[in-house]
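Please work through the exercises below with the sequence and the model open side by side, and try each task before reading its solution.

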Amino acid sequence: MEEMKIEIRICSLHYDELNEEDRRLIEQAKEATQRSYAPYSRFSVGAAALLANGEIVTGSNQENAASPSGLCAERTTLFYANSRYPDQAVKTLAIAARNASGFTGKPISPCGACRQVLLETERRHGSPIRILLYGTTEIYQTNGIDNLLPLSFSGEFLSEQPL
Ligand code: THU
């Protein structure tokens, strides 16, 4: 038996350590929570994607009475970015969330399905996405979805030749 160790790297930062561009992106993600449609969970999530051409695309969670028909903020944003600007890589994705008491203190982290879509977005554009997870007490920053989704499934397997 051989044990494998997979290393992931995530930095914890404070807001004042961020540069102007990252702060602006986080502010846009926070603002996007105001456009969330979350009458069921009352948990409003916003995301802002900075694209290679400098455009910023935002999105929020959109719920549905038939709950699986709703969509998280991250996928809403990435699908919109990829359908509006199919040739533009996503450079950075900022995510923020608030409940009835305000923005979360701890950063929220994308669900499994959103991680899978982040992976696909990276692979299709061939460039890693910096991910900024906002919380009022700390911010997590990571460079590339491999840090949130190690040992992932991607399209490479579909065409892999048997050994
Ligand atoms: N949600 C997101 O939009 N992003 C996440 O990363 C986690 C959860 C949404 C889905 C649902 O509308 C609400 O938050 C509660 O789960």
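The three exercises that follow concern a predicted model, and each is solved step by step.

**Exercise 1.** Work out which residues of helix H3 are buried and what they pack against.

*Solution.* Begin with the extent of the helix: H3 covers residues 112-125, and its 14 residues reach 20 Å from the first C-alpha to the last, close to the 20 Å expected at 1.5 Å a residue. Next, list its buried residues, which are Cys114, Arg115, Val117, Leu118, Leu119, Thr121, Glu122 and His125. Then look at what lies against them: these buried residues pack against helix H2 (73-84), strand E4 (90-99) and strand E6 (130-133). Finally, step past the end of the helix, where Gly126 takes a positive phi of about 70°.

**Exercise 2.** Decide whether Thr92 is buried or exposed, and find its side-chain polar contact.

*Solution.* Locate Thr92 in strand E4. Its relative accessible area is 3%, and because buried means under 20%, Thr92 is buried. Its side chain is joined to that of Arg130 by a polar contact of 3.3 Å. Beyond its neighbours within four places in sequence, Thr92 is in contact with residues including Leu25, Ala48, Ile129 and Leu132.

**Exercise 3.** Explain why Cys72 and Cys114 form no disulfide.

*Solution.* Start from the search of the whole structure, which finds zero disulfides. A disulfide requires two cysteine sulfur atoms within 2.5 Å. For Cys72, the closest cysteine sulfur is that of Cys114, 3.8 Å away and therefore too far for a bond. For Cys114, in turn, the closest cysteine sulfur belongs to Cys111, at 3.7 Å, which is also too far. As for accessibility, Cys72 is partly exposed at 25%, whereas Cys114 is buried at 0%.

Note on methods
Residues are numbered from 1 along each chain as its sequence is written. This is a predicted model: local features need pLDDT of at least 70, side-chain atom pairs count only at pLDDT 80 or more; totals for chains, interfaces and linings use all residues. Side-chain values use heavy atoms; hydrogens and water are left out. Helices (H or I, at least four residues) and strands (E, at least two) are DSSP runs, numbered from the N terminus. The expected span of a helix is 1.5 Å times one less than its number of residues. Buried means under 20% relative accessible area, exposed over 50%, partly exposed in between (1.4 Å probe, protein chains only). Contact means heavy atoms within 4.5 Å. A polar contact is a pair of N or O atoms within 3.5 Å; within protein, one must be able to donate a hydrogen and the other to accept it, and residues adjacent in sequence count only if both atoms are side-chain atoms.
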